[in-house]
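Work through the exercises below with the sequence and the 3D view at hand. Each task is followed by a solution in steps.

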Amino acid sequence: MENWTVGQIIATLTVIAGGITALGVITKKAGGIITKWFQVQLAPINKKLTELSQQTTENDKNRAMDFIVRFLADVEQGATIDAEEKKRFWENYDLYVSLGGNSYIHSKVERLQKEGKLN
């Protein structure tokens, strides 16, 4: 180490800095390539997950609508409705509305509320 000149030290530091920079560039490029590869490989899975999510939402909406229609038919026919059934009705109704339920159900609920059958 005693025989090193300033020029040799600068040259060595330049080589080390160049190596670190090159390693950083290679790592960044490789990371980008790997990321793109994963995106391509995962695209079918992401598509399937989106489809399943949409199906689940549609199933939830249909399940809520089935409950609501049955409940409203019972109310219209004068069936005795307990507090727990009313609570479940309102939970399903809120879910149905949040999932974009149609105005047919909404107007039927409003009509039965005005008649005092849902209070």
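A residue counts as buried under 20% relative accessible area, as exposed over 50%, and as partly exposed in between. The model used here is a predicted one.

**Exercise 1. Overall form**

Task: State which helices and strands the protein chain has, and decide whether the chain is spread out or compact.

Solution.
Step 1. The chain holds three helices and zero strands. In sequence order this gives the pattern α-α-α.
Step 2. The radius of gyration is 33 Å, while the globule rule gives 14 Å for 119 residues; the value is well over the rule, so the chain is more spread out than a compact globule.
Step 3. The C-alpha trace spans about 105 × 30 × 20 Å along its principal axes.
Step 4. Of the 119 residues, 14% count as buried. The accessible surface comes to about 9100 Å², and carbon and sulfur atoms hold 62% of it.
Step 5. Among contacts with a separation of 6 or more, 59% join residues 24 or more positions apart.

**Exercise 2. The nonpolar core**

Task: Find which residues have the most contacts inside the largest nonpolar core, and which elements supply it.

Solution.
Step 1. The largest nonpolar core has 13 residues, and those with the most contacts inside it are Ile68, Phe71, Leu72, Phe89, Val109 and Leu118.
Step 2. Two or more residues each come from α1, α2 and α3 (103-114). The largest share, five residues, belongs to α1.
Step 3. Take Phe89 as one member of the core. Leaving out residues up to four places away in sequence, Phe89 touches Phe67, Ile68, Phe71, Leu72, Val109 and Leu118.
Step 4. As background, nonpolar side chains tend to be buried together in soluble globular proteins.

**Exercise 3. A nonpolar patch on the surface**

Task: Name the residues of the nonpolar surface patch and classify Leu49 as buried or exposed.

Solution.
Step 1. The patch consists of Ile34, Trp37, Phe38, Leu42, Ile45, Leu49 and Leu52, and together these have about 690 Å² of accessible area.
Step 2. Leu49 lies in helix α1.
Step 3. The relative accessibility of Leu49 is 51%, so this residue counts as exposed.
Step 4. To place the patch member Phe38 against another helix, use Arg111, which is in helix α3. Phe38 and Arg111 are 73 residues apart in sequence, and their C-alpha atoms are 54 Å apart in space.

**Exercise 4. Salt bridges**

Task: Count the salt bridges, then examine three of them for distance and exposure.

Solution.
Step 1. A salt bridge needs a side-chain nitrogen of Lys or Arg within 4 Å of a carboxyl oxygen of Asp or Glu. By this rule there are six salt bridges.
Step 2. Asp74 and Arg70 form one of them, with the closest N and O atoms 2.9 Å apart. The two residues are four residues apart in helix α1 (residues 6-76), so about one helical turn separates them. Asp74 is partly exposed at 23% relative accessibility, and Arg70 is partly exposed at 46%.
Step 3. Glu91 and Arg88 form another, at 2.7 Å from N to O. Here the partners are three residues apart in helix α2 (residues 83-98), again with a separation of about one helical turn. Glu91 has a relative accessibility of 36% and is partly exposed; Arg88 has 36% and is partly exposed.
Step 4. Arg111 and Glu115 meet in a salt bridge at 3.2 Å, N to O. Arg111 is partly exposed at 35%, and Glu115 is partly exposed at 41%. Through shared partners, salt bridges join Glu76, Lys108, Arg111, Glu115 and Lys117 into one network.

**Exercise 5. The surroundings of Lys86**

Task: Determine where Lys86 lies and which residues it touches.

Solution.
Step 1. Lys86 is placed in helix α2.
Step 2. With 25% relative accessibility, Lys86 counts as partly exposed.
Step 3. Leaving out residues up to four places away in sequence, Lys86 touches Phe71, Ile81 and Asn119. Phe71 is also among the core residues with the most contacts.
Step 4. Lys86 and Val40 are 46 residues apart in sequence and 49 Å apart in space, C-alpha to C-alpha.

Terms used
Residues are numbered from 1 along each chain as its sequence is written. This is a predicted model: local features need pLDDT of at least 70, side-chain atom pairs count only at pLDDT 80 or more; totals for chains, interfaces and linings use all residues. Side-chain values use heavy atoms; hydrogens and water are left out. Buried means under 20% relative accessible area, exposed over 50%, partly exposed in between (1.4 Å probe, protein chains only). A nonpolar core is a set of buried Ala, Val, Leu, Ile, Met, Phe, Trp, Tyr and Cys residues joined through side-chain atoms within 4.5 Å. Contact means heavy atoms within 4.5 Å. Patches are made of residues with over 30% relative accessible area and no salt bridge: like charges are joined within 9 Å, nonpolar side chains (Val, Leu, Ile, Met, Phe, Trp, Tyr) within 5 Å. Accessible areas come from the Shrake-Rupley method with a 1.4 Å probe; for residues, only the protein chains shown count as cover. The radius of gyration is taken over C-alpha atoms; the globule rule is 2.2 Å times the number of residues to the power 0.38.
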